[in-house]
Amino acid sequence: MRNYFLYPFIGLLFFSTSIAAQVAVDVENVLDDLLLVSQRYVAPAADASVYQSSSAWFSSARGLDKFQFDVSLHFNALPIPSSQTSYQIRNSEFNNFTIQGGATSATVPTAIGGDTEVFYDFTIDGESYEMQAFEGAKQEVLLHPYLQASVGLWAETDLTIRYSPKIVINESDYSILGGAIKHNFSQYFRSNEASTNIEIAGLVSYSVFDLNLIFDDLALSSSSGGDPLAVLNEITIGSQAWLFQIIGSKRMNHWEVNAALAYTLSQVDYAIGGEGGSFVNLLNTALSVLEESRNGFKGDVGLNYYFGKFYLSGTASIGKFTNTNLGLHYKF
């Protein structure tokens with residue numbers, strides 16, 4: 001049996017000493033089951049947020065000249081693979097929930113999935129309740145624009161800042177803020193023949209990505225017709241992501257090709273919003289247990305085209321997701 005929080009805490013928030021201990025056990029089991037479906041619901045969106053926040057921190061391994069600026073407008077697109085839009089849940093994984101209709105298992109959406117007709121039944125102190133499974137953002141592609149600016153410092157080192165305003169998708173929204181440092185290693189072994197040079201650099205970035213998912217009210221309704229135990233309508237995913245990257249690039253007249261290997265490390269936390277007083281507060285206290293570190297490798301490939309002081313950059317990040325990015329840059 002999963003056990004995410006201490007029984008005495010439930011007693012303090014929910015019940016006086018005159019209430020039977022079995023009621024506390026029922027509530028604990030319901031919360032355990034909500035945590036299980038919540039974690040599987042948000043996990044793909046948490047991974048997607050890392051890919052979005054870690055994309056296109058570079059356009060070249062070459063460093064900017066000292067105090068030279070590169071200002072760019074980017075459009076990021078992350079197609080949602082079908083494998084990340086749903087997951088399967090089984091009655092055998094629950095402590096209290098059962099899938100409505102007599103089914104032993106069901107396929108339900110993740111946060112980046114679609115609609116569902118699946119409901120869960122559960123009981124507290126002999127009272128029957130039901131709740132619809134969470135529904136997703138209903139998006140085939142996650143899109144967001146952002147602004148980025150880099151400045152060349154000493155020793156072929158660049159400082160980059162990224163900002164994205166709050167973007168709304170089907171009432172859900174997300175935003176990003178971050179910074180990066182890139183250092184060119186080729187300067188230590190660069191040949192005199194520029195045409196033969198392949199530039200190598202290392203980059204470290206840190207970004208904060210907030211994803212706020214709004215969905216239709218999901219009431220934990222009583223079969224007796226009384227007030228719902230709670231009404232849930234929002235999940236917030238907060239991601240703090242580190243990116244460590246080795247970059248290679250080669251300039252050929254107006255064109256430049258680049259590639260990179262990256263390791264991502266992120267800390268993700270969750271919160272649920274809605275109506276229900278003590279129950280929602282208790283659920284969020286239990287959700288703190290789901291705060292987790294996520295890590296993984298990804299590859300980047302890109303192509304730039306230069307014209308005057310401007311250039312276009314295109315980058316694709318390949319891993320669990322395939323993220324694409326198009327940027328228009330101005331250097332001065």
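These notebook entries cover the nonpolar cores, ring pairs and charges over rings in a predicted model.

Ground rules. I number residues from 1 along each chain as its sequence is written, and I take side-chain values from heavy atoms, leaving out hydrogens and water. In this predicted model I accept local features at pLDDT of at least 70 and side-chain atom pairs only at pLDDT 80 or more, while totals for chains, interfaces and linings use all residues.

Cores. I looked up the largest nonpolar core (buried Ala, Val, Leu, Ile, Met, Phe, Trp, Tyr and Cys residues joined through side-chain atoms within 4.5 Å; buried means under 20% relative accessible area, exposed over 50%, partly exposed in between, with a 1.4 Å probe and protein chains only). It has 57 residues, and among those touching the most other members are Leu34, Tyr120 and Phe279. Helix α2, residues 21-53 (helices are DSSP runs of H or I, at least four residues, numbered from the N terminus), gives the most to this core, with 14 residues. A second, separate core of ten residues includes Trp57 and Leu243.

Rings. I found 18 aromatic pairs (rings of Phe, Tyr and Trp, the last by its six-membered ring, with centres within 6.5 Å; planes under 30 degrees apart are stacked, over 60 edge-to-face, the rest tilted). Trp242 and Phe244 are stacked, at 6.2 Å centre to centre and 10° between the planes; Trp242 is partly exposed at 38%, and Phe244 is partly exposed at 37%.

Charges. The charged end of Arg162 sits over the ring of Trp57, 4.0 Å from its centre (CZ of Arg or NZ of Lys within 6 Å of the ring centre and within 35 degrees of the ring normal).

Definitions and conventions: Helix = DSSP H or I, 4+ residues; strand = E, 2+ residues; numbered from the N terminus.
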